[in-house]
Amino acid sequence: MKKEMIDFLNTDLQFIKGVGPVLASRFADVLGGRRVLDFLLHRPSYVRTRDITENVMTATPGDVITIPLQIKSHKRGGVFRGRRRPTQITCGDKMGNTVIIQFFNANYLDYWLKKLPVGTWRMVSGKLERSSRPTISHPDFIEDLEHASKIPSVQAIYPAGEGLTQKVFANVRDQIFNILPDKLRSTTDENCLEFFDALQHVHYPISGTDLMPNGTYMAKLAYYELLAHQSAIVISRRNRTDVRNRRTVRPKKYDLMDKFWQTLPFEMTGAQKRTCNEIFEDMSKPIPMMRLVQGDVGSGKTIVALASAVRMAETGACTALLAPTDTLAQQHYAKLKPMCDKIGIVCDILTGRDKGVSRREKLTSLRSGRTRLVVGTHALFSTDVEYRDLGLVIIDEQHRFGVSQRESLRQKGENPDLLALSATPIPRTLSMTVYGDMDVSIINEKPAGRKPIKTTKLPISRINDLVARLRVQIESGAKVFWVCPLVEETENTDSQTTAVVERHKMLSEHFSNVGLVHGQMDKRERDAVMAEFADNESNMSLLVATTVIEVGIDVLRASIIVIENAERFGLAALHQLRGRVGRGDTQSYCMLLHGYGLSEDGMRRLDVLCETDDGFVIAEQDLMMRGVGELLGTRQSGWIQYHFVDYREHRDLFKMASVSARDNEMNEWTFDLMFMFDRGVNLGA
């Protein structure tokens, strides 16, 4: 693209006619930026049609209508007996039916007297409300009959925010697309012209099909967006293998792996051995490793991580294992330190809790290189933490950390290897995009002796029977998780949804020492309760919780999990929660409590959980049934959020874009795409 075009795309929206700095800041909140380009990538979510009718009685309440009305009278709004009444304009349609136009919190009747004088006809468009009389509150459009063409018969509706009406969006869109032709006049690249043509069709849809994922123009834009991302991945991979980024392969100094294999109290599965071999091969290359290990809950990823750390310790370098929570870091440390002691490796833990002398001693040990494996939280990449030779960075539950956090830790060493662990199974289509710049190993076998978790769905009406059955299990030594979707009830809470606080109160009447954890608790208090529940010697046998226990607590005696209002969770989330039990060798159970009136789709999702414990099958089903929002969560820091791509409907485009990016030489248009979709290239700099 020409510099003139790039400058225009980078233009601050405040300089677009009719916007200014106040509206521009509001746009920034909605668009994630305030450039013209940010607006162009913010697509309408649906189309609103405005069909003209002359008889209000033939319209359906709730529909958006456009109707010619004659003004009959005005009634000023105001406060009466403490209640504010709206300003009302009484009108009549061509059939003589009465229609009320009303405006709340509008005392400026003089304005409406001028705009809607009695006896005149106006074309009015807005939502027809259910009322004793046909009513339109705050019409979207009011025009003279001779200017009725100003009311669009098809209106693109944008996701908006406070202070941003659809009229404002339409005005900014019109201003931008009036300028674009001049900026594109000297462009000869067919791809560029096709891209902006597709953008125009999406911003000016003729019907709802234009905004469907498989619509001609949406599919084009989705392909271009995927091509931008896949091209950035190709460049990232090339940079990793670039001779300038290579590092010296660390020679072996100690023999530790034999001790490690002898220390293992069990035989590794075939999948674990294969994964270890793939990691060891990567570590022997002059190219820094970037590998993801995907494995279902309980598949043995932690032992693979330890094997990698031992292999790095053989070179004299150290490994940092980053965990998302204090609790998970403590559990990793408790599991790994005894094994490290037997092998002869110094293993330590560093979290935000470490203060004073204890922290200084740990930092000194890291700085000297004495500590070969350090487990911790974000404290591992604090400014005062120095490593003598950081050779391997292991990220557990990697999707909980953003790119900047991962890089902050990697920068503590000189081109260290990166090993990411994830217990969130992701279908192959998604892994091509989420983990496109990483090599992937999959551990698809569970350790010998692990019994499949028996999963059953149960209506909430049988909760008393369930409590009675739990009492028998707890008396025989079992520990139980009880998960609820909400913290506390509000006036908007569905009557079938029991908040975790209320459920804790109810269960405390049946059992002694019932624990409670949720995200609004003080972190230290929450960690203390979870630690007490995890302690085999404690008498806390029942823990009521929200999804804060989804990751980061390992309780061998926990053999039952109850998930209340299971229909409110995505399949992947339910599978993650179910993985909190079945960690030992006893038979474990998952009870899916559901509300009344469960839909056919909701029942099918629960049936999938009852039929299989294969996380990859479940993830694929979740993607097909509920989409990526449920599968990954839109706020996860590591996930890619696309503008035009639909993970379900554009599955074929993923491979097309990947092949095209890999096989084609990078050209000017490729870099244009990466700039427009913010894939690490800033052409405006």
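This tour visits an open sheet and then a helix in a predicted model.

**The sheet**

Begin by selecting the six strands of the open sheet, which are ordered β18-β23-β22-β19-β21-β20 and pair in parallel. Move next to the edges, where β18 (454-459) and β20 (514-517) are found. Each of these has a single partner strand, so one of its sides has no neighbour in the sheet. When the sheet is viewed as a whole, neighbouring strands are turned against each other by 20 degrees on average, direction ignored.

Now select residues 479-483 and 558-564, which are β19 and β22; five bridges join them in the parallel sense. Within this pair, V483 has I563 of β22 as its bridge partner.

Add residues 463-475 to the selection to display helix α15. This helix lies across β18, β19, β21 (542-545), β22 and β23 (589-594), and its direction makes an angle of about 150 degrees with β19.

**Helix α23**

Turn then to residues 668-676, helix α23, in which seven of nine residues are buried. The buried positions are W669, T670, D672, L673, M674, F675 and M676. To see what surrounds them, select α1 (3-9), α3 (36-40), α6 (190-203) and α7 (216-241), the helices against which the buried residues of α23 pack.

Finally, inspect the two ends of α23. At the N-terminal end, N667 acts as a cap, with a side-chain oxygen 3.1 Å from the backbone nitrogen of W669. Just after the helix, select D678, whose phi is positive, at about 55 degrees.

Technical notes
Residues numbered from 1 in each chain as written. Predicted model: local features only at pLDDT ≥ 70, side-chain atom pairs only at ≥ 80, totals over all residues. Heavy atoms only, no water. Pairing = 2+ DSSP bridges. Helix = DSSP H or I, 4+ residues; strand = E, 2+ residues; numbered from the N terminus. Axes fitted to C-alpha atoms, helices over the stretch in contact; angles between N-to-C directions. Contact = heavy atoms within 4.5 Å. Buried < 20%, exposed > 50% of the residue type's maximum accessible area, 1.4 Å probe, protein only. Polar contact = N/O pair within 3.5 Å; in protein donor to acceptor, adjacent residues only side chain to side chain.
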